[in-house]
Amino acid sequence: MLENKLKGVSSSNSSKFLSRHIGLSSKDQDYLLKVLGYSDLQDFIASVVPPDILDPFPPMDSLLEECSESEALENLHSIGNENLLRRSLIGLGYYGTETPAVIQRNILEDPAWYTAYTPYQAEISQGRLEALFNFQTLISELTGLPIANASLLDEATAAAEAMALSFSVVKKPHATRFLVDEDVLPQTLSVLQTRAEPLGICVEVEAPNTFQFDDEVFGVLLQLPGSSGKLWDPSNCILKSHAVGALVTTAIDPLAQVLLAPVGELSVDIAIGSMQRFGVPMGFGGPHAAFFATREAFKRQMPGRIVGQSVDAEGNTALRLALQTREQHIRRDKATSNICTAQVLLAVISSFYAVYHGPHGLKQIAHRVIYFRAKLEQCLVQLGYKLSAKVCFDTVEVLCDNATKVHKLAALKGFNFRVLPIGSSVEDATGFGIAFDELTTENEFDKIHEILAKSIEQSYQKLPAFDSKLESLFPGIPLRKKPWLQQGVFHGHQSETELIRYMKRLSTKDFTLVNGMIPLGSCTMKLNASAELLPISWKQFSSLHPFVPQQQSLGYQKLVSDLETWLAFLTGFAGVSLQPNAGSQGEFAGLLIIRAWHKYRGEMDRNVCLIPTSAHGTNPASAVMAGFKVVAIQCDLEGNVDLNDLEKKAVEYSSRLAALMITYPSTHGVFESKVRDACEIVHNHGGQVYLDGANLNAQVGLCRPGKYGADVCHLNLHKTFCIPHGGGGPGIGPVAVASHLCPFLPGHPLSHCGGNQAIGPVSAAPFGSAGILPISWMYLRMMGVEGLRQASSIAMLSANYIAHRLNPFYPVLFKGLNGLVGHECILDLRSMKRKAGIDVEDIAKRLMDYGFHAPTVSWPVAGTLMVEPTESESLGELDRFCDAMISIRQEIEAIELNRSDLKDNPLKQAPHTLSTVTADNWERSYSRTQAAFPLPNLRQNKYWPAVSRIDNAFGDRNLVCSCAPLEDWLDN
Amino acid sequence: MDFNFPANFRFADSHEYAVLEDDCVRIGISAFAVDQLGDIVFVDLPEVGTALTRGSSFGSVESVKAVEDMFSPLTGEVVERNESVLASPEALQNNPHEGGWLLRVKPNDASQLNDLMDSETYSSKVAAT
């Protein structure tokens, strides 16, 4: 009888993922609903989300039903197998490299590294801050420039940032020309053009020795080595640039810089590049850390995060994010860059690659690469091929009549050579290029030799011996002479045992999701499940070069297509681009799309962008980058966008109105009921509505921006869709658009992505950080639509529970329908400043003693905390947080009632380190127990901050952003 | 918090002060502004000889968490700037009205100072914030 089924046994052989992702059990959900006074989850949701926004999603068969981890992994594995594994020697910014196993296992695959947030709470982030400090030191040493940041998104956008910095520093009204080396990477040129146009900058591409210098030139970009591999002496060009007051930027190769004299010695102003070949897999284009280094004079204009040294309250050295006033979250529309999330985890990996190899190991790798390049040159000459350039680094380009044959023979042996001209098909090839890398071996070289011999129908002949000394391999090019990378960290961890212990020492200093909840409002620090992370290390995804022939990347094409379809469905839009590799880049792309649409309709005058004062700093920064003028919209007393002010300004700027940028639910955590009206006002005046999707975690499966009036939105896959925050990157910020905007989705010179009236690329790679797309694919595949709806609902249930428990102690600032908040709530702490002299900072630091990372401090409202628990936290953890906050409130009350001193109290003195609490001397007015164990459960589970409160002013007044080399110490 | 605003100082809405000393006007930012900013880490000032226009930005002041433009309370020419504040921003923070002055300006029209608030009016305005 087929009806016989064992009761209680599930039909599939493994459990569903949903219950692993959601932190609240059914019983706990029921309890929370009861506390809040709702009969069930649907009843609750109907009360939170305005009825005209709540969306009855259509039946969906393209988004699959929820499934188990193993099913999803199997499914993705089959997709991965459609990617063909070949040996790509294409170069063009992407190279084979070996990720040392110890780094893969203990950094990339360790949640203690990848679930970390951006290190704003420096006292609990000393581990990754040190790894980033090592990164900055490495970059300074490689480039010979003293000021380096903690990564940018990719080489192409780093070049655009250099262009923007040069433009803002030179600032002569008629100086709008930016001269670019014709040997630049093609994707860099395209991104430069995309970024230059809205700012009125004219990008001119020429051979550097024919650059036309005059005082209209504000900057110059040189690629050294060139895309062709060519090396040359830029001294003359640099002199001429400086003579007209223009800044010089060099795009360099870090492996080449291991051997060559640092560009800083040539008086360049800025050096940029990618650290991909320092141990990070190509990943079909990303993610990789880019670097940016410059002279002391420009430190206040440099984009991105900078790690600086300071001291803590006990006088110990401590690290922190320095000079934050450069960044968008403070400067907003006056920021020169909109960058927020960068590529921290990848920067950490590259810095450990240098720690692993040390300067000697790096030199060996570089020397081998050029040895093979030189050997190839010998080989080509012997076979009668004509070499293009005189001196090269790792790449050789050859023009020849039998190019197509060479490529076909190479393909038969499993190689992809570079096709010349770049972007052409094999059939139309006029030449080939070969770029060697760390993975090249004698065996591999012999195969290449065979291919080339066969291509002219010769038999393989032994090559004569040649001088493989460095100087002979680089005639006329100045080599690095002084010892470099002498800092102890690059020498002291050569055994794996030492290295693992160093890695663990660092990671244990950091408070991450493996320690406890990180309830940062608008950051959505939810579970980054192991099953989601596993596939990124599979060779089928990690080893692909972004510019392989299309037929080799069918797996990625399927992955991209699935994600684009699912994300479009979830947002109610028609088209998606996965190219932008951070929310800020998604915003920029979305605004450019709007701009392109207005231009297409002949309405170029539309250049005004309305932005609420409560918006995230990236919004106005991105708007300025897209060539818009920012006009602020006020918020009313309830924290909602003031519709009267919006109407007034829409009328005032009517013929010039390009767009409104809104966040929904608002940055105040509220489902503003009048959002449709706001969209309508803007549409009535000919503008488009851009929706910042940072708060999508309240919406997925419940409502869709495309259905309540938005025209374009961006998503943050590193928030809502489980890509781990990595300490400040990698991220992905896809842009989703309504059908009328689909033609303008960004394209790429070396790929078929984008619409038929595509705007230029905003990232170096066609699909941005493709290598981490599997993470979000896995999440969506395992959750299914129902699961996603549950996740959003529970995220809001948890946030309202916290608001409910804490409201008597810390008033919740803004509420929506039925007195409910969305997925986050803002706690008002301003009265504590007045009555007890306690700042929000003090509470954030005291939370560290209680074993928590603080919620978002003083944004979007100064003097508040914004709390977002997410759906992944258990009731126990929610209660532990509330208990901590309530206990802190009592500590504050003691100050208000004069029972505690205004200065000598546990909040002002927080955080308390193990060292402080166990010191022989304890002269404080409160006990050690109160300092370190204010609640009894801390005795079972105590996280110790590594340092005491850090002196921020000292750190900004005395910027130290890299470790001085040993010889400096010895000199002093 | 109680601030002491010198009686002979004049103040702008944007918290800069101006005081006529001999035939030059000494300008800076008020103790209230400094308190609002928090720990000051950097000050950006124009070169000697720069022409200033009333109401236009002449530089900026940065703390750890904020950066603010400073607006000239009068039209004139910069004849001296306080190098010690550039070297040590703490000097501005510790003594904004005296040792932490920012610029000495030769005014085109000294009567422009009459358009600014007097010390008492400014004091009331700040207390109401």
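In this predicted model, a good place to start is a single pair of residues in chain B: Leu52(B) stands opposite Gly76(B), which belongs to strand 8 of that chain. The two strands involved, strand 5 and strand 8 (residues 76-81) of chain B, run antiparallel to one another and are joined over two bridges. On strand 8 of chain B there is also a pairing with strand 9 (residues 103-107) of chain B, again antiparallel, and here the count is five bridges. Within that pairing, Val78(B) has Val105(B) in strand 9 of chain B as its bridge partner.

These pairings belong to a wider arrangement. Chain B holds an open sheet of seven strands, in the order 5-8-9-3-2-1-10, with antiparallel pairing. At the edges of the sheet are strand 5 (51-52) and strand 10 (117-118) of chain B, each of which pairs on one side only. Elsewhere in the order, strand 1 (residues 10-11) and strand 2 (residues 16-21) of chain B are antiparallel partners, linked over two bridges. One residue pair that can be followed here is Phe11(B) with Tyr17(B), the latter being its bridge partner in strand 2 of chain B.

Turning to chain A, the assignment divides the chain into domain 1 (107-355), domain 2 (357-473), domain 3 (573-768) and domain 4 (783-937). Between the centres of domain 1 and domain 3 of chain A, taken over C-alpha atoms, the separation is 27 Å. Their contact draws on 44 residues from domain 1 of chain A and 41 residues from domain 3 of chain A. On the domain 1 side of this contact, the elements giving two or more residues are helix 8 (155-170), helix 9 (186-196), helix 12 (328-331) and helix 13 (344-383) of chain A. Helix 9 of chain A provides the largest share of that side, with seven residues. By residue type, the side of domain 1 of chain A that touches domain 3 of chain A consists of 21 nonpolar, 17 polar and six charged residues.

Helix 23 (residues 643-652) of chain A offers a clear view of how one helix is placed. Its residues Leu646(A), Lys649(A) and Ala650(A) are buried. These three lie on the same side of helix 23 of chain A, because they cover an arc of only 105° around the axis. Asn644(A), Val651(A) and Glu652(A), on the other side of helix 23 of chain A, are exposed. The cover over the buried residues of this helix includes strand 15 (608-612), strand 16 (629-633), strand 17 (657-663) and helix 24 (675-684) of chain A.

The interior can be described next. The largest nonpolar core has 309 residues, and Val348(A) and Ile593(A) are those with the most contacts inside it. Helix 25 (residues 773-806) of chain A gives the largest share of this core, 20 residues. Apart from this core lies another, of 33 residues, including Ala33(B), Val61(B), Val64(B) and Leu92(B). For Val348(A), once neighbours within four places in sequence are left aside, the residues in contact are Ile107(A), Trp113(A), Arg128(A), Ala131(A), Leu132(A), Phe135(A) and Gly727(A).

Finally, the two chains meet. Their contact takes eight residues from chain B and seven residues from chain A. On the side of chain B that touches chain A, five residues are nonpolar, none is polar and three are charged.

Terms used. Residues numbered from 1 in each chain as written. Chains lettered and ligands numbered in written order. Predicted model: local features only at pLDDT ≥ 70, side-chain atom pairs only at ≥ 80, totals over all residues. Core = buried A, V, L, I, M, F, W, Y, C linked by C-beta atoms within 7 Å. Buried ≥ 20, exposed ≤ 12 C-beta atoms within 10 Å, placed from the backbone. Helix = DSSP H or I, 4+ residues; strand = E, 2+ residues; numbered from the N terminus. Contact = placed C-beta atoms within 7 Å. Pairing = 2+ DSSP bridges. Nonpolar A, V, L, I, M, F, W, Y, C, P; charged D, E, K, R; others polar. Arc of directions from axis to C-beta. Domains from an automatic or database assignment.
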